[in-house]
Amino acid sequence: VLSYRSSHLAGRGIIILSQLLTRSIMVSHKEFETAGKKPGLQAWRIENMDLKPVPKALIGNFFTGDAYVLLYTTPAPSHYIHMWLGDECSQDESGAAAIFATQLDDFLGGGPVQFREVQNNESLTFQGYFKSGIKYQQGGVASGFHHVVTNDANVKRLLHIKGRRTIRATEVAFSWASFNQGDCFIVDLGKDIYQWCGSECNRFELVKASQVAIDIRDNERNGRATIQMVEEGAEPQALIDALGPKPSIPPGTPDDDKVDISNKKKASLYMISDASGSMKSTIVAESSPFKQAMLNLEECYILDNGVDQNLFVWKGPKANTSERKAAMSAAQQFIKDKGYSNKTQIQVLPAGGETTLFKQFFSDWKDKDQTTGPTKAYAIGRIAKVEKVPFDASTLHTNHSMAAQHGMVDDGKGKVQIWRVEGGDKVAVDASSYGQFFGGDCYLILYSYKLGGREQHIIYTWSGLKCTQDELAASAFLTVKLDDSMGGAPVQVRVTQGQEPAHLMSLFQGKPMVVYMGGTSRKGGQAKSAATRLFHIRQSSSRATRAVEVKPLASSLNTNDVFVLKSPGGTFVWSGVGASEEEMAASKHIVATLGGSASNVSEDKEPDGFWLALGGKNEYQSSKSLQKTVKPPRLFGCSNKTGRLIVEEVPGDFQQTDLATDDVMLLDTWDQIFIWIGNEANDEEKTGAPKIAKDYVDSDPSGRKGLPIVSIKQGAEPPTFTGWFQAWDHKMWETDPLDKIRSQF
């Protein structure tokens, strides 16, 4: 192992480092010592040809003049390496990022999937890490800009917020000239954050922009800043003082660079070889769909989907070492030779680590035991065992969203104190019921732990999906009060039910998190528990298990999960065909919490008493595709808000809140397509969506044809649709999502 400090090589660094790559020398960098050791996201910036770590709270902020290397580690563990290039980064920096990415891949045994990401054109996998937005800042290391976690009141920047599915916040000139009526802007003045909304903005975009503002307050300012929503024409004096006299604001302009989902999606397959001394590519198949047998284990291949700005390199496990190591550089050369856009995404895939995007070009793809790489088989939980490997975040089944922003500070074995918000005050929760919450309430969770001999604190403010606006406001006030009483030292994290970060889940030390119906916010205080109760148990892809109380009806069941039914006639543990052992283990804890003993019931072998307790047998989510599919479900939004009908995929874990009520959404569950029509969608979206769904299936690169296309309206969703979302809430849209997020300001 050769160890070095590459900062000493700045002048000749690229040449020397690239020479090291061509030899079979394993290069170890001091930063690799902690790389991939625990689940979550790590990021480094290229500074003077060396790797410098980005503070955890600032991962998701990128200087446009720089290059970065990011590593995402799943609990399996499996790894994704991303090389991110800003629009203004130098060739030396992008070259160094490529070399460090290759060395990191080598250090991790050649098993990671590698991605080349370009500003404004990142892969869905990458976008999925940052559900509250990717932020682009002007400048870079060459101009003296550094990543610093700050409570500095002297910040002065303007962020332009774009995107409905993927939010991008780009720093623009601090001037009224940067504004337009069609978008949201964030005026960040340090202690005061103003979210300015153009008169043409719609409600869904306002909600998304609010997430960015909340993220800046919580992560960059450690919760110590105030947010104010400002509508165009009602600007406060403080904003005028900062930006100067306000001129007339121009109207918004549509995004012309969006690609329609029915794009050609055709690809070609090439074999690459260095047998002649230099890298050569030979055509294997002119057009997709391909057969899996075309991939020889002793070779490397390029799957060319350049028309969609995608390029894949597949590394055979028995290919020679120099070919495997040169995979990324071969793909970059291929892009140049073909004259493709420099925005083209590259994925480098080891055998066994193929992403969904890659597999869709093969008509007969079969995964051997769904392994995380050439050797290790690992079955993760969730939605439908849909993908036994968390090997592609565009699968939408690895919950990166919070992990990317709030990493695991420790193992969760520190001191925990929990209070419930009652009548505008906080009331201590008995330690014996820690981990049990009411969906109609808000809670404060204070976590204290030692770091480097010093005591550190995190305040998690948890809000149930059914809590009242008054309680949300009270919880925010009580959080500030608790923070002040501790000298402003704690980190504040606001959490919504179902979005709990991995670290918060770890506080319950392996027990499932339980969410009961009801809460103290109901008139007359805590409602008495019903005689018959049903709990939905599901393990997420981050291996955290939740038990959520749902309506005790047969239609609430899901073939893929475990349910505990407590009734006067007895307690039952019902296991669906696709349920996991971990979910069954969690059911024992729920039974113990509810009291008594339970009978185990398998799906299709239920006694009459079971159906009687649920009010009779009824249709529920029993789609066989939930149990057997190896293709993950995908969710898309269809919108003509920009002037023409475009389709975008929802990145990361998708949830009920991703269904935009002013759009039409497509849910692809592999054996059928759902068209979900939001109540506020316009006529063009409603009439255009069925054609888009048909084009989507007809242009599918794996050759799917004639799938059923099911149209459903908001508020009338059948269980075959709602089963893809955990703990579906039929009353969710009764509360305005904008009011809900404003209450977090």
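Here is a walk through this predicted model, one selection at a time.

**The whole chain**

Start with everything shown as a cartoon. The chain has 745 residues, and 59% of them are buried. Its secondary structure comes to 16 helices and 36 strands. If you count contacts with a sequence separation of 6 or more, 67% of them join residues 24 or more positions apart.

**Stop 1: a seven-stranded sheet**

Pick out the open sheet whose strands run in the order E5-E9-E11-E10-E12-E13-E14, with mixed pairing. Strand E5 (61-63) and strand E14 (226-231) are the edges: each has a single partner strand, so one side of each has no neighbour in the sheet. On average, neighbouring strands here are turned by 25° against each other, direction ignored.

Now zoom in on one pair. Strand E9 (residues 134-137) and strand E11 (residues 168-172) pair in the parallel sense, over three bridges. Show Tyr136 and look across to E11, where its bridge partner is Thr170.

**Stop 2: Asp183, Asn202 and Ala242**

Select Asp183, in the loop between E11 and strand E12 (184-188). Is Asp183 buried or exposed? Its relative accessibility is 11%, so it counts as buried. Turn on the residues around Asp183: leaving aside neighbours within four places in sequence, it is in contact with His160, Ile161, Lys162, Trp196, Cys197, Gly198 and Cys201.

Move along to Asn202, which sits in the loop between strand E13 (192-197) and helix H4 (203-220). At 15% relative accessibility, Asn202 counts as buried. Draw a distance from its C-alpha to that of Asp662: the two are 460 residues apart in sequence and 8.6 Å apart in space.

Next is Ala242, in helix H5 (residues 237-243). With a relative accessibility of 18%, Ala242 also counts as buried, since the cut-off is under 20%. Not counting residues up to four places away in sequence, Ala242 touches Lys156, Phe174 and Leu189. Leu189 is 53 residues from Ala242 along the chain, with 8.4 Å between their C-alpha atoms.

**Stop 3: helix H2**

Select residues 91-107, which make up helix H2. Try a distance between its end C-alpha atoms: they are 24 Å apart, and that agrees with the 24 Å expected for 17 residues at 1.5 Å a residue.

How many residues of H2 are buried? The count is 12 of the 17, so the helix is largely enclosed by the rest of the structure. Show the side chains and you'll find Ala96, Ala97, Ala98, Ile99, Phe100 and Leu104 among the buried residues, and Glu93 and Asp105 are on that list too. Just after H2, stop at Gly109, which takes a positive phi of about 85°.

**Stop 4: strand E18 and its two partners**

Jump to strand E18 (residues 310-315), where six of its six residues are buried. Look down the strand with side chains on. Asn310, Phe312 and Trp314 point one way, while Leu311, Val313 and Lys315 point the other. That is the usual pattern, because side chains in a regular strand alternate between the two faces of the sheet.

Which way do the neighbours of E18 run? Strand E17 (residues 300-305) pairs with E18 in the antiparallel sense, over six bridges. One spot to check is Ile302, whose bridge partner in E18 is Val313. E17 and E18 form a hairpin with four residues between them, and Gln309 in the turn has a positive phi of about 60°.

Strand E19 (residues 345-350) runs parallel to E18, and six bridges join the two. Here, find Trp314 standing opposite Leu349 in E19.

**Stop 5: helix H14**

Finish at helix H14 (residues 683-698). Begin at its N-terminal end, which Asn682 caps: a side-chain oxygen lies 3.2 Å from the backbone nitrogen of Glu684. Follow the helix to Ala689, where it bends by about 35°; a proline, Pro690, follows within four residues. The end C-alpha atoms of H14 are 24 Å apart, in agreement with the 22 Å expected for its 16 residues.

The buried residues of H14 are Glu685, Gly688, Ala689, Ile692, Ala693, Tyr696 and Val697. Show what covers them, which includes strand E32 (634-639), strand E33 (646-649), strand E34 (664-668), strand E35 (673-677) and strand E36 (709-713).

Terms used:
Residues are numbered from 1 along each chain as its sequence is written. This is a predicted model: local features need pLDDT of at least 70, side-chain atom pairs count only at pLDDT 80 or more; totals for chains, interfaces and linings use all residues. Side-chain values use heavy atoms; hydrogens and water are left out. Two strands pair if DSSP finds at least two bridges between them. Axes are lines fitted to C-alpha atoms, for helices over the stretch in contact, and angles run from 0 to 180 degrees between N-to-C directions. Buried means under 20% relative accessible area, exposed over 50%, partly exposed in between (1.4 Å probe, protein chains only). The expected span of a helix is 1.5 Å times one less than its number of residues. Contact means heavy atoms within 4.5 Å. The bend at a residue is the angle between axes fitted to the seven residues ending there and the seven starting there. A polar contact is a pair of N or O atoms within 3.5 Å; within protein, one must be able to donate a hydrogen and the other to accept it, and residues adjacent in sequence count only if both atoms are side-chain atoms.
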